[in-house]
Amino acid sequence: NLLVGSNNAGKTNLCHAMWFLSWTSRVSLIDAARNCTAEPWSLANVYLDKPTIDFSLRCTLKSNDIAYKFDYELSLTAPRAAQGHSQSIPLAVQREVLRVTGGAFDETVLIDNDAGQVKLLDERVFLGEQYGPDKYVATTAPTDYTMLSRLYDLEANQRANLFKRYLGLWLYFNLNADMLRNTTAQPLDVVLRPDGRNLASVLFNLNSSDQRLLRKIVDAAKTVEPKLDVINFLSPDPEHVYMFFDDEKGKRFSATNISDGRSEERRVGKECRSRWSPYH
């Protein structure tokens with residue numbers, strides 16, 4: 001999904017919100033904040049006079065040919081006194097609710113987290129697959145984590161974990177032309193960072209593990225640059241990898257010296273401004 005809009009319309013805020021929410025399904029709230037922004041205190045909206053950060057998410061996921069509709073609500077306390085004055089902000093779960101509809105479930109609450117006091121549905125008991133005295137398990141959870149991030153029982157919480165996996169797979173990219181040229185290498189680096197700083201490392205490892213997939217990436221890139229034939233690598237030491245682009249005649253171009261497309265982007269932008277009014 002490509003997000004396009006005018007300056008100061010909220011594109012970055014939306015992306016940061018989605019990126020942060022995805023991280024909360026895996027790590028603590030403060031680590032999620034640090035992973036998505038260098039200034040965790042800026043997650044709080046300074047224009048809203050309220051002490052909470054609120055998220056609401058609705059999605060439909062399929063499992064065993066059954067479509068499940070999930071509704072997730074998360075409310076975090078974010079003291080206004082910390083805004084702009086500290087790199088750390090004491091985020092805490094105030095309210096967290098996950099509901100599901102589909103199959104035998106009808107607006108069924110899977111997770112109910114009230115400031116660390118949790119009711120967790122045992123889906124096996126709910127479906128009659130296993131006997132238990134109560135469908136809901138009462139427990140406590142630290143408020144600096146979402147309960148979603150602490151789900152580990154794949155059998156008792158199948159649908160809740162389905163939603164957790166989906167949320168955890170969200171990725172956000174704001175690629176930086178200079179970062180894309182970075183030569184730093186990491187062993188088994190397979191997930192591209194949001195700014196693209198580990199592109200060479202990811203493609204180098206992919207070249208070693210799945211050359212067919214790398215070929216597909218090259219074929220996709222050729223729709224933009226038809227002269228590209230192969231991507232080659234040089235790894236002089238374990239901590240660095242250099243990426244080169246070869247054409248069909250074997251002529252080689254380094255990632256350092258090729259164009260990043262910004263001049264073309266400016267030219268296209270100028271044409272668009274001359275042909276269209278801002279209202280288009």
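**Entry 1: H1 and H2**

I began with the first helix pair in this predicted model, and found that helix H1 (residues 11-24) packs on helix H2 (residues 29-36) at an angle of about 140°, the axes lying 8 Å apart. That angle makes H1 oblique to H2, because roughly antiparallel would need over 145 degrees. I noted the crossing of H1 and H2 as right-handed.

Next I listed who meets whom. H1 brings His16, Trp19, Phe20, Trp23 and Thr24, and on the H2 side I found Leu29, Ala32, Ala33, Asn35 and Cys36. Sorted by class, this H1 and H2 contact has seven nonpolar residues, three polar ones and no charged ones.

**Entry 2: the cores**

Which residues touch the most other members of the largest nonpolar core? I got Phe70, Leu98, Leu110 and Phe163, out of 41 residues in that core. I then checked which elements give two or more residues to this core: helices H1, H2 and H4 (158-168), together with strands E1 (52-63), E2 (66-77), E3 (92-102), E4 (105-114) and E5 (117-121).

I picked Phe70 for a closer look. Setting aside neighbours within four places in sequence, I found Phe70 in contact with Leu57, Arg58, Cys59, Leu61, Leu98, Arg99, Val100, Leu110, Arg159, Leu162 and Phe163. Another core, of 13 residues, lies apart from the largest one, and its members include Leu206, Val218, Ile231 and Ala255.

**Entry 3: Arg99**

Arg99 came up in the Phe70 list, so I looked it up too. Arg99 sits in strand E3. Buried or partly exposed? Arg99 counts as partly exposed, because its relative accessibility is 26%.

Not counting residues up to four places away in sequence, I see Arg99 touching Lys69, Phe70, Asp71, Glu73, Glu107, Thr108, Val109 and Leu110. I also checked Arg99 against Arg58: they are 41 residues apart in sequence, and their C-alpha atoms are 9.6 Å apart in space.

**Entry 4: H5 and its partners**

I turned to helix H5 (residues 199-209), where the buried residues are Ala200, Ser201, Val202, Leu203, Asn205 and Leu206. What do they pack against? I found helix H6 (211-222), strand E7 (230-237) and strand E8 (240-246).

For the helix pair, I noted an angle of about 130° between H5 and H6, with axes 6 Å apart. H5 and H6 are therefore oblique to each other. Leu203, Leu206, Asn207 and Ser209 in H5 meet Gln211, Leu213, Leu214 and Ile217 in H6. By class, I put down five nonpolar, three polar and no charged residues for the H5 and H6 contact.

Definitions and conventions. Residues numbered from 1 in each chain as written. Predicted model: local features only at pLDDT ≥ 70, side-chain atom pairs only at ≥ 80, totals over all residues. Heavy atoms only, no water. Axes fitted to C-alpha atoms, helices over the stretch in contact; angles between N-to-C directions. Helix = DSSP H or I, 4+ residues; strand = E, 2+ residues; numbered from the N terminus. Parallel < 35°, antiparallel > 145°, perpendicular 65-115°, else oblique. Left-handed = near helix turned anticlockwise from the far one by under 90°. Contact = heavy atoms within 4.5 Å. Nonpolar A, V, L, I, M, F, W, Y, C, P; charged D, E, K, R; others polar. Core = buried A, V, L, I, M, F, W, Y, C linked by side-chain atoms within 4.5 Å. Buried < 20%, exposed > 50% of the residue type's maximum accessible area, 1.4 Å probe, protein only.
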